[in-house]
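Open the model in your viewer and keep the sequence panel visible. The stops below go from one selection to the next.

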Amino acid sequence: MSGAVVMDLDSVPARAVLQALPQPILVLDEARRIQFVNYAAEAFFGASLSVLTRQSLDDLIAFGSPIISLVETVVQRRAPMTEYRVRVGSSRFGDERIADVFASPISDTDGRVAVLIQERTMADKIDRQMVSRGAARSVTGLASMLAHEIKNPLSGIRGAAQLLEQSVPSDEVPLARLIREETDRIVGLIDRVEVFGDERPMEREPINIHIVLDRVKLLARNGVARGITFYEEYDPSLPPVFGNRDQLIQIFLNLIKNASEALERTQKPEIRITTAFRPGIRISVAGVAERISLPLEIVIEDNGPGVPPDILPFLFDPFVTTKTNGSGLGLALVAKIVGDHGGVIDCDSRPGRTRFRILLPVASGAFQTPADVEEGSPA
């Protein structure tokens, strides 16, 4: 049979190869009973090998899934097949996931099939983020060109408004003050847009991300997040990130501020901050030959009403906002700073749970625990 994968799964080397792969792999017999799964599949389905091998694919995957018919066809034809952008639903997790699914017979002698699942979610979100960055650059080019010409007349308007405040009758002072305050607001908006055009290299050093998160939490509890319950689930062995402390604080303070504003009408508002080491996420970056690993995961989660589904795909685009008086630049700036650090950010939201996940690279050569790296010390 042409194209079949011939592999002795009972051998130690074969199992070691499957365990080393970052994609979830399931091995099924002819009746679609699960015989083996690798570590990635255990993580994907949230269950151990011993639990999964007591089930069949039909028990694990939602009824009517094209994955089942794909496996049936592979068994009948004894030839590998692929389905792209399949919705993977399972009793083991709540949300459907989009994935490419590859199925292939293992040998000519039996009906066993190997199924590999390549989740599309992260790739699609990274693609959308790259589009958002392109949109941000377009806004930046226009803003940089106009900012100087706009600021000059605004300075004159503001100065005239200040003079009017001192000379007009008292009943007209509020109007003059309004002109000055609105002028200041427009200048502030231009300043925020100009930040996107700042391409100067930033100063970076190995940073303990937990020190940053503790500082952000302290600031938030005494300001925007007063009255909100915080929960932390930190991985104490997390290595340092190579970043800029002030900009990292800005990232997480902005995310917690957004979460706090979303929780204004929520009973028992909660914000959960988690950190973890997630090997396996690697991306290609223009100008860099090697793919960059992003193993540091930081998640900011709240139990608010969630992001409207029609806005979610464009959440990091400039001027996209759900707030009545929002400028729509906060999350676009967050995405820019994360990108400047070589990382990515994505958002998963539904009513009662919104998760912003940031993936960042580890400081080069720094794989000691956070306790070994003091703030600002070399790796």
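Select helix α10, residues 330–340, together with strands β13 and β14 (353–360): in this predicted model, the helix lies across both strands. Its direction makes an angle of about 140 degrees with β13.

Keep α10 and add helix α9, residues 245–262. The two helices pack at an angle of about 145 degrees, and their axes are 10 Å apart. The crossing of α9 and α10 is left-handed. To see the contact, show side chains for Q247, Q250, I251, N254, L255 and N258 on α9. On α10, the residues to show are G330, L331, L333, V334, I337 and V338.

Next, display the sheet to which β13 and β14 belong. In what order do its five strands run? The order is β7-β9-β12-β14-β13, in an open sheet with mixed pairing. β7 (229–233) and β13 (344–350) are the edge strands; each has a single partner, so one side of each lacks a neighbour in the sheet. Ignoring direction, neighbouring strands here are turned by 15 degrees against each other on average.

Now select β12, residues 296–302. Six of the seven residues in β12 are buried, so the strand is mostly covered, buried meaning under 20% relative accessible area. One partner of β12 is β9 (residues 270–277), paired in the antiparallel sense over seven bridges. Two positions to label on β9 are I273, which stands opposite I300 of β12, and T275, which stands opposite I298 of β12. β12 also pairs with β14, again in the antiparallel sense and over seven bridges. Label V299 and look across to R357 in β14, its bridge partner.

Leave the sheet and select helix α5, residues 66–77. Does its length suggest a regular or an irregular helix? At 1.5 Å a residue, the 12 residues of α5 should span 16 Å, and the end C-alpha atoms are 16 Å apart, which agrees. Colour the buried residues of α5: I67, I68, L70, V71, T73, V74 and V75. Just after the helix, stop at R78, where phi is positive, at about 55 degrees.

Go to T183, in helix α7 (residues 173–194). Is T183 buried or exposed? Its relative accessible area is 5%; T183 is buried because this falls under the 20% cut-off. Leaving aside neighbours within four places in sequence, T183 is in contact with L154, I157 and R158.

For contrast in setting, select R85 in strand β3, residues 81–90. R85 has a relative accessibility of 49%, so it counts as partly exposed. Add A99 and check the C-alpha distance: the two residues are 14 apart along the chain, and their C-alpha atoms are separated by 5.0 Å.

Finally, zoom out to the whole protein chain. It contains 10 helices and 14 strands. Of its 379 residues, 42% are buried. Among contacts with a separation of 6 or more, 64% link residues 24 or more positions apart. The chain exposes about 20100 Å², of which carbon and sulfur atoms supply 53%.

Key
Residues numbered from 1 in each chain as written. Predicted model: local features only at pLDDT ≥ 70, side-chain atom pairs only at ≥ 80, totals over all residues. Heavy atoms only, no water. Helix = DSSP H or I, 4+ residues; strand = E, 2+ residues; numbered from the N terminus. Buried < 20%, exposed > 50% of the residue type's maximum accessible area, 1.4 Å probe, protein only. Contact = heavy atoms within 4.5 Å. Pairing = 2+ DSSP bridges. Axes fitted to C-alpha atoms, helices over the stretch in contact; angles between N-to-C directions. Expected span 1.5 Å × (residues − 1). Areas by Shrake-Rupley, 256 points an atom, 1.4 Å probe, with all protein chains shown as cover. Left-handed = near helix turned anticlockwise from the far one by under 90°.
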